[in-house]
Amino acid sequence: MTGQAKTSFYVTTPIYYVNDKPHIGHAYTTLACDVLARFKRLDGYDVMFLTGTDEHGQKVEKAAQDKGVTPQDFTDSVSQNFRDLTGQMNFSNDDFIRTTEARHRAACQKLWGLLLEKGHITLGSYAGWYAVRDEAFHTETELVDGKAPSGAPVEWVEEPSYFFNLSEWQQPLLDFYEANPGFVGPESRFNEVKSFVRGGLRDLSVSRASFSWGVPVPGDDAHVMYVWLDALTNYITATGWPTDGEYGDAEGYEMRWPADLHMVGKDILRFHAVYWPAFLMAAGLPLPKRVFAHGWWTNEGEKISKSLGNAIDPNDLADEFGLDQMRYFLMREVPFGNDGDFSRQAMIHRMNSDLANDLGNLSQRVLSMIFKNCDGVMPALPAEPRDEDAALLASADAMLDAVRAQIDLQAFHEALRVIWQVVSDANRYVDNTAPWGLKKTDPPRMQEVLAVLAEVIRQVAILVQPVMPEATSKMLAQLGVPDNARGFDTIGGALRLPAGHVIDKPEPVFPRYIVEEA
Ligand code: ME8
């Protein structure tokens with residue numbers, strides 16, 4: 001970069017409730033954000049990637065009571081599990097926010113003040129159903145067999161409450177959706193959001209008075225803020241808003257807000273695509289650019305739930321299959337946005353077929369031939385490429401744009417499919433050119449073929465870094481690509497792998513999973 005300011009990219013995960021241990025679903029959302037953040041950094045952006053924990057509310061207060069500890073002690077310990085997960089999964093988040101932090105309380109109270117001052121919050125009283133598990137209010141007519149539509153049990157709540165005039169934001173929201181057709185992905189989910197809003201919005205209770213584990217409502221200590229108003233605010237707290245407050249950071253806020261992407265699971269889309277934009281509009285603040293709702297994982301066909309005890313611990317998966325293998329599987333197996341089922345068989349298949357066979361063998365075979373047949377010296381690309389060389393190099397050079405387009409749609413599976421298409425082109429080229437036979441018949445051609453392959457492997461490894469950072473780092477080290485030459489400005493035809501350096505004896509990067517005979 002020539003001193004030019006980089007473009008900012010700000011991506012967020014939901015902040016996770018601290019009532020439970022992290023499981024594969026939480027790891028999945030954060031992984032998708034990690035892949036995006038790493039991709040954008042390599043593509044020259046100044047990235048901020050935020051994750052954290054949602055620590056207030058009735059659900060957390062209850063969980064602490066059940067354990068016989070104070071909510072603060074309880075949240076300290078469970079939040080730490082989520083923080084540890086980021087290290088264990090090799091997530092590259094730039095910040096980890098907890099809603100119990102002072103910077104966040106300040107932002108929530110500031111937002112409340114703006115909404116109150118502008119006349120969007122008024123005191124009233126709530127009488128209706130509340131689902132503690134979802135921290136959501138429901139009318140009688142919304143209930144299905146006496147439960148919330150999500151299946152969560154509900155309880156009757158009757159208490160004084162402040163209300164946000166959500167009903168008045170129906171038309172402004174619809175106008176905003178109309179003007180911003182990329183606001184929610186996938187499109188089918190956007191349609192659900194629109195039809196929900198078209199159906200009419202009721203004013204939203206935004207405070208609770210029957211428990212105290214929350215951000216106090218400014219000027220009325222009898223109330224704490226509704227946990228979703230509190231939680232959603234985290235996204236703007238972390239940028240340094242309010243800029244004039246004790247924790248303010250005007251530069252951070254100007255650079256980061258509005259967020260480029262809020263990544264969420266489909267269960268919480270409504271909060272992000274309806275409530276959050278309404279709160280922001282009402283406060284006079286800019287709206288996030290996009291919200292993407294991904295699908296739901298089941299375990300061998302069963303819903304993952306605490307009561308079934310079938311939550312998958314991401315650390316167990318990483319221990320058994322390898323961290324990068326698991327990261328690859330989660331991003332490749334299921335079209336991002338759709339629901340997916342975790343099955344060991346599918347995991348093993350991806351690990352052995354896509355990684356060990358397709359990419360691992362390609363890299364290992366090519367590097368071994370360079371090591372053995374070229375004295376370990378990286379050969380030079382052909383001065384006059386043959387058609388088959390030019391075709392393979394062209395397909396490698398075309399990957400960057402194609403992959404970038406898919407990543408910008410959060411189509412991680414498609415991005416990987418595009419890359420693996422080139423891996424399979426390269427394997428076909430190996431079969432057609434048969435470099436092992438050229439060793440005796442045409443050694444200069446053997447060198448050319450190996451150089452073309454090494455260049456293709458370089459581009460593949462560079463593009464796969466966001467998904468499998470460790471494995472690709474090994475591959476690139478084996479090719480002799482230094483750390484400072486692994487950005488996307490080195491691929492797509494911009495640069496080529498230089499010749500003449502000596503490589504070490506290659507070690508396989510992607511082991512096979514051997515299924516034990518019963
Ligand atoms: O909803 N499959 O927190 P939460 C895929 N605190 N993703 C899953 C999943 C599964 N089986 N289970 C969980 C909250 N997730 C609020 C968010 S944001 C301002 C506040 C993921 O701990 C998915 O991203 O219940 C889902 O949206 C999120 O975890 C819910 O996490």
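**Entry 1: the ligand**

I looked up Asp54 and the ligand first. An N or O atom in the side chain of Asp54 lies 2.7 Å from a nitrogen atom of the ligand. I then noted how much of the ligand is covered: alone it exposes 670 Å², and the protein buries 94% of that. Accessible areas come from the Shrake-Rupley method with a 1.4 Å probe, and for residues only the protein chains shown count as cover.

I kept in mind that this is a predicted model, where local features need pLDDT of at least 70, side-chain atom pairs count only at pLDDT 80 or more, and totals for chains, interfaces and linings use all residues. Residues are numbered from 1 along each chain as its sequence is written, and side-chain values use heavy atoms, with hydrogens and water left out.

Next I checked the backbone. A polar backbone atom of Ile15 is 2.8 Å from a nitrogen atom of the ligand. For Tyr17, a polar backbone atom is 2.9 Å from an oxygen atom of the ligand.

**Entry 2: the shell**

Which residues come nearest to the ligand? I found Ile15, Thr29, Asp54, Asp267 and Trp297, out of 22 residues around the ligand. A residue is near a molecule or strand if one of its heavy atoms lies within 4 Å of it.

I sorted the shell by type and got eleven nonpolar, nine polar and two charged residues. In this sorting, Ala, Val, Leu, Ile, Met, Phe, Trp, Tyr, Cys and Pro are nonpolar; Asp, Glu, Lys and Arg are charged; the others, Gly among them, are polar.

Which element gives the most to the shell? Strand 1 does, with four residues. Strand 1 (8–17), helix 1 (24–42), helix 7 (227–232) and helix 8 (234–237) each supply at least two. Helices (H or I, at least four residues) and strands (E, at least two) are DSSP runs, numbered from the N terminus.

**Entry 3: the whole protein**

I counted elements next: the protein has 19 helices and 16 strands. The C-alpha trace spans about 90 × 60 × 40 Å along its principal axes. I compared the radius of gyration, 26 Å, with the value near 24 Å for a compact globule of 518 residues, and the two agree. That radius is taken over C-alpha atoms, and the globule rule is 2.2 Å times the number of residues to the power 0.38.

Buried residues make up 57% of the 518. Buried means under 20% relative accessible area, exposed over 50%, and partly exposed in between (1.4 Å probe, protein chains only). The accessible surface is about 21800 Å², and 49% of that belongs to carbon and sulfur atoms.

**Entry 4: three residues**

I picked Asp34, which sits in helix 1. Is Asp34 buried or exposed? Its relative accessible area is 0%, so Asp34 is buried. The side chains of Asp34 and Ser92 share a polar contact of 2.6 Å. A polar contact is a pair of N or O atoms within 3.5 Å; within protein, one must be able to donate a hydrogen and the other to accept it, and residues adjacent in sequence count only if both atoms are side-chain atoms.

I moved on to Asp425 in helix 16 (residues 412–433). Asp425 has 19% relative accessibility, so Asp425 counts as buried. Beyond four places in sequence, Asp425 touches Leu392 and Ser395. Contact means heavy atoms within 4.5 Å.

Last came Pro277, in helix 10 (residues 269–283). Pro277 is buried at 0% relative accessible area. Its C-alpha atom is 5.9 Å from that of Leu287, ten residues apart along the chain.
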